[in-house]
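Trainee: Please give me a close look at a single part of this model. I would like the contacts, the burial and the strand pairing in one connected account.

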Amino acid sequence: MSRVKDQTKVISAQISKVNKKTPMVFYLTMFIFIVCCITAAVLFGIYILMVELGWVFEINLVWTIVILLFSSIVISTSLVRGFGNRIIFRNLRPIINAFKAVANGDFTQRLEPPKERETAEICEGFNEMVNKLGKNELLASDFVSNVSHQFRTPLASIRGYAQLLESNDLTEKERLEYVAIIEEKALSLSDLVNDILELSRLENQSAALSKEVFKLDEQLRKCLLSMEKQMTEKNLEVDISLETVDICANKELLAEVWNNLLENAIKFSHENQTIKIILVSNGKNATVTVKDEGIGMAEETKERLFDRFYRSNDVQGFSGCGLGMSIVKNIVEKHNGTITVETSLGKGSTFKVNIPLNSR
């Protein structure tokens, strides 16, 4: 949360800095004014010279005006050609070069905003664009790498145990054990594919979510009941404090949020610990809090918690593919809500989801 605030301050400072810069129209106006003054001075000098030489009396007034206009055009054009590119458009060449570099895949390009406001805005927009493109490139690379890793391990196990099943020396107990392992690995692959498809569907969904009015407290109770077996196996206690709250939202997607948070709370809790679920409402928003006393997270894990496929070393012994929290955040943001986490290593985690009661 603090990192988001810091980034917001930096962006606000940059915007403020750009807004304080001088508009380019000021420089254009000044340039035109200077050109006009120089041109007028030169024309006046030409006119004085023509008078001194007697040319005005030798040729008629029309030709005098034509000569003066032609001279002013030549002088103005030369001034614009000679100094315009250097003074006004000197900052466009680095921008053009930077765009060409980005087109060739170099996302390290950054532009220093000049003193002209409009050009500075272009540079700030360019820098923001390159930042996002760089992150997308990194995410795409990580995605391929992580998906490959997530598929490779279960597939290797399935192949290995399938080869063992070909042996005629296996006992019935061993055969059933190997079949169970193959089924477990196949199920993990199926869950992984479903999570990838779900995340992709959410990220590419352009249409508005279908929503209905339902009781949020009842939904939370049903999610808890569906996990009674897992909680009983660890002898976990549940401390529930739920206000009666009606909400207009996508029922299926919100259920997925609560299931993910509760599954993680159970998974990372030790035996005989307590999980707290709190639901409160202020008339405009509902706040759901899921708190556990489990293993908690280090600061690095907390900062990357919602990154796709990210799994810290602290949870390597637990099942999962690192997509659950990305899906949770995506669903919450689809409902114009927010999700935050407070945690420390070895002291549990507290997730707070804040969602408008009517997010239309």
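**From a salt bridge to the sheet and core**

Mentor: Lys 215 is partly exposed, at 31% relative accessibility. Buried stands for under 20% relative accessible area and exposed for over 50%, with partly exposed in between, using a 1.4 Å probe and protein chains only. The model is predicted: local features need pLDDT of at least 70 and side-chain atom pairs count only at pLDDT 80 or more, while totals for chains, interfaces and linings use all residues. Residues are numbered from 1 along each chain as its sequence is written, and side-chain values use heavy atoms, with hydrogens and water left out.

The side chain of Lys 215 forms a salt bridge with Asp 246 at 3.0 Å, N to O. The term requires a side-chain nitrogen of Lys or Arg within 4 Å of a carboxyl oxygen of Asp or Glu. Lys 215 belongs to strand S1 (residues 212-215) and Asp 246 to strand S3, so this pair links distant parts of the chain, 31 residues apart. Helices (H or I, at least four residues) and strands (E, at least two) are DSSP runs numbered from the N terminus. Asp 246 is also partly exposed, with 43% relative accessibility.

The structure holds 3 salt bridges. Another one joins Arg 221 and Asp 217, with 3.2 Å between the closest N and O atoms. These two residues sit 4 apart in helix H8, which puts about one helical turn between them. Their burial is as follows: Arg 221 is partly exposed at 38%, whereas Asp 217 is buried at 5%.

Glu 333 and Lys 329 also form a salt bridge, at 4.0 Å, N to O. Both are in helix H12, again 4 residues apart, about one turn of the helix. An α-helix has 3.6 residues a turn, so residues three or four places apart point the same way. Glu 333 is partly exposed at 45% relative accessible area, and Lys 329 is partly exposed at 31%. H12 as a whole is mostly covered, with 8 of its 11 residues buried. Among the buried ones are Met 325, Ile 327, Val 328, Ile 331 and Val 332.

After H12 comes Asn 336, with a positive phi near 60°. This residue lies in the loop between H12 (324-334) and strand S6 (338-343) and is exposed at 52% relative accessibility. A second asparagine with positive phi, Asn 235, has a value near 55°. Asn 235 is placed in the loop between helix H9 (228-233) and strand S2 (237-242).

In S6 the side chains alternate: Ile 339, Val 341 and Thr 343 face one side and are buried, while Thr 338, Thr 340 and Glu 342 face the other and are not. S6 runs antiparallel to strand S7 (residues 349-356), with 6 bridges joining them. Two strands count as paired if DSSP finds at least two bridges between them. Within this pair, Ile 339 is opposite Val 353 of S7. The two strands make a hairpin with 5 residues between them, and Gly 346 in the turn has a positive phi of about 85°.

Elsewhere, S2 pairs with S4 in the parallel sense over 6 bridges, and Asp 239 stands opposite Lys 276 in S4. S4 and S5 run antiparallel, also joined by 6 bridges; there Leu 279 has Val 288 in S5 as its bridge partner. The S4 and S5 hairpin has 3 residues between the strands, with Gly 283 at a positive phi near 95°.

Several of these elements come back in the largest nonpolar core, where Leu 216, Trp 258 and Leu 261 touch the most other members out of 41 residues. Such a core is a set of buried Ala, Val, Leu, Ile, Met, Phe, Trp, Tyr and Cys residues joined through side-chain atoms within 4.5 Å. The elements that give it two or more residues are H8 (216-226), S3 (246-249), H10 (251-267), S4 (274-281), S5 (285-291), H12, S6 and S7. H10 gives the most, with 8 residues. In soluble globular proteins, nonpolar side chains tend to be buried together.
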